[in-house]
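Reader: I'd like a close look at one small part of this model, with the rest of the chain as background. Could you walk me through it?

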Amino acid sequence: MEQIEEATIQIDKKTTTGSRLALILIDNALELSIWEKINSKYSIDNEDYEEVISGKFRAQLLKDYEYFNNKTNFLVSEGMITQKEKEIYDTCHFFRNEVYHQNIIRELIINDLAKIYLKACCNVIVKLFDSSFYIFDYMKPVPEILTKYEIVNSYGILKDDKIDKAVNTFFNTRVCSPLQFSQTLALDINKRIEKVREDINYVEHYIEPASTNIEPASTNIEQASTNIEPASTNIEPASTTPLTFEKEKSSLESFSRRANQLKRKNDTSNALTRYYNIDKDLIPIEFSTNFISDMLSREMEFRYEQYRDERYLEMNDLQ
C-alpha cells in the first residue's frame, strides 16, 4: 500500500522521472501482492508439513511462479481478472522492464501508462488484500499506512470496506480514459514516424540513389582575389548497390494508417496490443535510419573539417 500511495505522488508530478518511478512502484506492489496470495493459497492447501518446513515447497513454488506471466495466469485461473485485464498487466509489465532494465523511456506515454497501470492494480488489489495478506502481530505496531486509511484498526481487525475506499482515493483523481490513452499512444507512434521520415529525407538529400555519392549542400566559397578550386567532398561509394528507402517508406505509410485506427479505440487492452505490435515493427526501421543518418552526419562533419584544413594550408602557401 505504501508503494501505491507513493506512486500516486509521483504520477501527480507529471514528470518523466516521476512517472517512471510510479510505473516501477506499481508493478512491484502488484507482483508482491500476487505472490503473497499464491504463497498463502498453496501453503495452506499443502498437507505435507515436512515439505513446507524444509523449504522445498516454497522453492518449487518460486520456480513455478518465477515469471510475471505465470503470476497473472494465476489471477485468471482464480477468476480475479479477465484475459483482457491480464493483457493490460502483462504489457504494462513489459514497459516497466524497459524502463527499469534498459533505460527506454517513452516520454509521451509514460504518465498515462502509469495511470492505466495504477487503475488496473487498484482493481485487483481489492481482491488480493484479505486476511491472509496481513497477519496481526501483537509484538509489532500496525503499519502506519493501514491505520492511516483505517484498513486495519489497532486490534488488527481488517476492514474490507476501507480497502475499497483507499484504492478509490488512489486512482479517482488520476483517471486516463481509454480513448485518451489510445490517442496518446497514436501520437507517440506518429511523432516517431515523422522522425524517421526526417532521417530518410536527410540521407536522400545528400546521397544519390543511383550512385550513393555524398555531396555537400554547397561547396562554393567566395574568393576575393584568388581562384582556387575547392577540394572535392564527394565520397566514393563503398558499394555500387543503390541506397533506397522505398521499403521503409511503404512500412511507414502502413504504420501511419494503423496509428490513425489506434487513436479511435475505446478499449485499453486492444489499444495496448495494437501499440505494441506497431512498436515492435517500427523499432528496427527507427534504429537503421537513425544509424545511417548519424553516420552520414559524422562523415559530412569530417569532410568539412578536412576541406577547411586544406583551404587553410592552400591560403598560407599563397601568402
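Is Lys14 buried or exposed, and why does it count that way?

Author: Happy to. Keep in mind that this is a predicted model. Lys14 counts as exposed, because its relative accessibility is 64% and the cut-off for exposed is over 50%. As for where Lys14 sits, look at the loop between α1 (2–13) and α2 (16–45). The backbone there has a quirk: Lys14 is not a glycine, yet its phi is positive, at about 55°. That stands out because most residues other than glycine have a negative phi.

Asn103 makes a nice companion to Lys14. Asn103 also isn't a glycine and has a positive phi, of about 60°. You'll find Asn103 in a loop too, the one between α6 (83–102) and α7 (110–128). With a relative accessibility of 51%, Asn103 counts as exposed, since the cut-off is over 50%.

For the opposite situation, go to Thr268, which lies in helix α12 (residues 268–318). Thr268 is buried, because its relative accessible area is 13% and buried means under 20%. Who touches it? Setting aside neighbours within four places in sequence, Thr268 is in contact with Ile88, Ile116, Pro178 and Phe181.

Since you work at the bench, you may wonder about the cysteines. The disulfide count comes to zero. Take Cys121: its closest cysteine sulfur belongs to Cys122 and is 5.7 Å away, so the two are too far apart for a bond; a disulfide would need the sulfurs within 2.5 Å. Seen from the other side, Cys122 is in no disulfide either, with the sulfur of Cys121 as the nearest cysteine sulfur. Cys121 is buried, at a relative accessible area of 0%, and Cys122 counts as buried at 0% relative accessibility.

Now for the background you asked about. The chain has twelve helices and zero strands, so named from their DSSP runs. Of its 319 residues, 38% count as buried. If you take the contacts between residues at least 6 apart in sequence, 72% of them join residues at least 24 apart. As for the surface, the chain exposes about 18700 Å², and carbon and sulfur atoms supply 51% of that.

So, back to your starting point: Lys14 is an exposed residue, placed in the loop between α1 and α2, with a positive phi although it is not a glycine.

Notes. Residues numbered from 1 in each chain as written. Predicted model: local features only at pLDDT ≥ 70, side-chain atom pairs only at ≥ 80, totals over all residues. Heavy atoms only, no water. Helix = DSSP H or I, 4+ residues; strand = E, 2+ residues; numbered from the N terminus. Buried < 20%, exposed > 50% of the residue type's maximum accessible area, 1.4 Å probe, protein only. Contact = heavy atoms within 4.5 Å. Areas by Shrake-Rupley, 256 points an atom, 1.4 Å probe, with all protein chains shown as cover.
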